[in-house]
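Grab a pencil and work through these exercises at your own pace. Try each task before you read its solution.

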Amino acid sequence: MSTVIGKSLKVTGSIEADEPVMVVGSIRADLLVPNHEVTVEADGRIDGAITAGSITVMGGSLGRLVARDIVRILEGANVEGDVAAPRLELEEGAVFNGRVEPGRTEAAMRVAAYRQHNGQVRPG
């Protein structure tokens, strides 16, 4: 089972899930899914940090991306924000503007979880 955030749904704040999440709509929120995949579809957009097991972006993302395994930025994606992950896949035709921090993944995930649970969520 997975959670789908559709085109007509607008979310502001923070989201925490313990299942895969697919973003088809527009979100202004931090997304914490530490044990599963987050996919931002071609029509999807997220303004906020994503912390997940793995992240695939085909649409738009503005904010930090932290993944335990891999961040994939596919053709047609537009990503603005830093990436902390052991692996990064950047396809030709994707736009990426940010820094890559391969060695800081676990620390970044702990900080994101702490902020989420203590009401200190800050996009990007």
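**Exercise 1: Pairing across strands**

Glu89 has a relative accessible area of 31%, so Glu89 counts as partly exposed. Keep in mind that this model is predicted.

Task: Find out which side chain meets Glu89 in a salt bridge, and which strands the pair ties together.

Solution:
- Step 1. Look for the partner: the side chains of Glu89 and Arg72 meet in a salt bridge, at 4.0 Å from N to O.
- Step 2. Place both ends. Glu89 sits in strand β11 and Arg72 in strand β8, so this salt bridge ties together parts that are 17 residues apart in sequence.
- Step 3. Check the cover on the partner. Arg72 is partly exposed too, as its relative accessible area is 24%.
- Step 4. Recall the general idea: side chains of opposite charge can pair when their charged atoms come close.

**Exercise 2: A network of charges**

Task: Work out which residues are linked with Arg99 in a network of salt bridges.

Solution:
- Step 1. Start with Asp82: its side chain and that of Arg99 meet in a salt bridge of 2.9 Å, N to O.
- Step 2. Locate the two. Arg99 lies in the loop between β12 (95-97) and α1 (105-117), while Asp82 lies in the loop between β9 (78-80) and β10 (83-84), so the pair ties together parts 17 residues apart in sequence.
- Step 3. Turn to Glu101, whose side chain meets that of Arg99 in a salt bridge of 3.0 Å, N to O.
- Step 4. Look at the cover. Asp82 is partly exposed, with a relative accessible area of 22%, whereas Glu101 is buried, with a relative accessible area of 11%.
- Step 5. Put the network together: Arg64, Asp82, Arg99 and Glu101 are linked. For the wider picture, a search of the whole structure finds seven salt bridges.

**Exercise 3: Into the core**

Task: Say which strand gives the most to the largest nonpolar core.

Solution:
- Step 1. Get to know the core. The largest nonpolar core has 26 residues, and those with the most contacts inside it are Val21, Ile27, Leu31, Ile50, Ile55, Leu65 and Val71.
- Step 2. List the suppliers: β2 (10-16), β3 (21-23), β4 (26-40), β6 (50-57) and β8 (65-73) each bring at least two residues to this core.
- Step 3. Pick the winner: β4 gives the most, with six residues.
- Step 4. Zoom in on Leu31. Not counting residues up to four places away in sequence, Leu31 touches Ile15, Val21, Val23, Val38, Ile46, Ala49, Ile50 and Thr51.

**Exercise 4: Two neighbours in β6**

Task: Decide whether Ser54 is buried or exposed, and do likewise for Ile55.

Solution:
- Step 1. Find them: Ser54 is in strand β6, and so is Ile55.
- Step 2. Apply the cut-off. Buried means under 20% relative accessible area. Ser54 has 10%, so Ser54 is buried. Ile55 has 0%, so Ile55 is buried.
- Step 3. See what surrounds Ser54. Leaving aside neighbours within four places in sequence, Ser54 is in contact with His36, Glu37, Val38, Ala67, Ile70 and Arg72. A polar contact of 3.4 Å joins its side chain to that of Glu37.
- Step 4. Do likewise for Ile55. With neighbours within four places left out, its contacts include Leu65, Val66, Val71 and Arg72. The C-alpha atoms of Ile55 and Asp69 are 8.4 Å apart, though 14 residues separate the two along the chain.

**Exercise 5: Toward the surface**

Task: Identify the residues that make a nonpolar surface patch with Leu90.

Solution:
- Step 1. Place Leu90 in strand β11 (residues 87-90). Leu90 counts as partly exposed, at 45% relative accessibility.
- Step 2. Name the patch: Leu88, Leu90 and Val100 make a nonpolar surface patch of about 230 Å².
- Step 3. Follow a contact of Leu90 to Phe96, which is in strand β12. Leaving aside neighbours within four places in sequence, Phe96 is in contact with Ile73, Val79, Gly81, Val83 and Leu90.
- Step 4. Check Phe96 itself: its relative accessible area is 22%, so Phe96 is partly exposed.

**Exercise 6: Stepping back**

Task: State how many helices and strands the chain has.

Solution:
- Step 1. Count them: one helix and 12 strands.
- Step 2. Add the cover: of the 124 residues of the chain, 43% count as buried.

Definitions and conventions:
Residues numbered from 1 in each chain as written. Predicted model: local features only at pLDDT ≥ 70, side-chain atom pairs only at ≥ 80, totals over all residues. Heavy atoms only, no water. Core = buried A, V, L, I, M, F, W, Y, C linked by side-chain atoms within 4.5 Å. Buried < 20%, exposed > 50% of the residue type's maximum accessible area, 1.4 Å probe, protein only. Helix = DSSP H or I, 4+ residues; strand = E, 2+ residues; numbered from the N terminus. Contact = heavy atoms within 4.5 Å. Polar contact = N/O pair within 3.5 Å; in protein donor to acceptor, adjacent residues only side chain to side chain. Patch = residues over 30% accessible without salt bridge, like charges linked within 9 Å, V, L, I, M, F, W, Y side chains within 5 Å. Areas by Shrake-Rupley, 256 points an atom, 1.4 Å probe, with all protein chains shown as cover.
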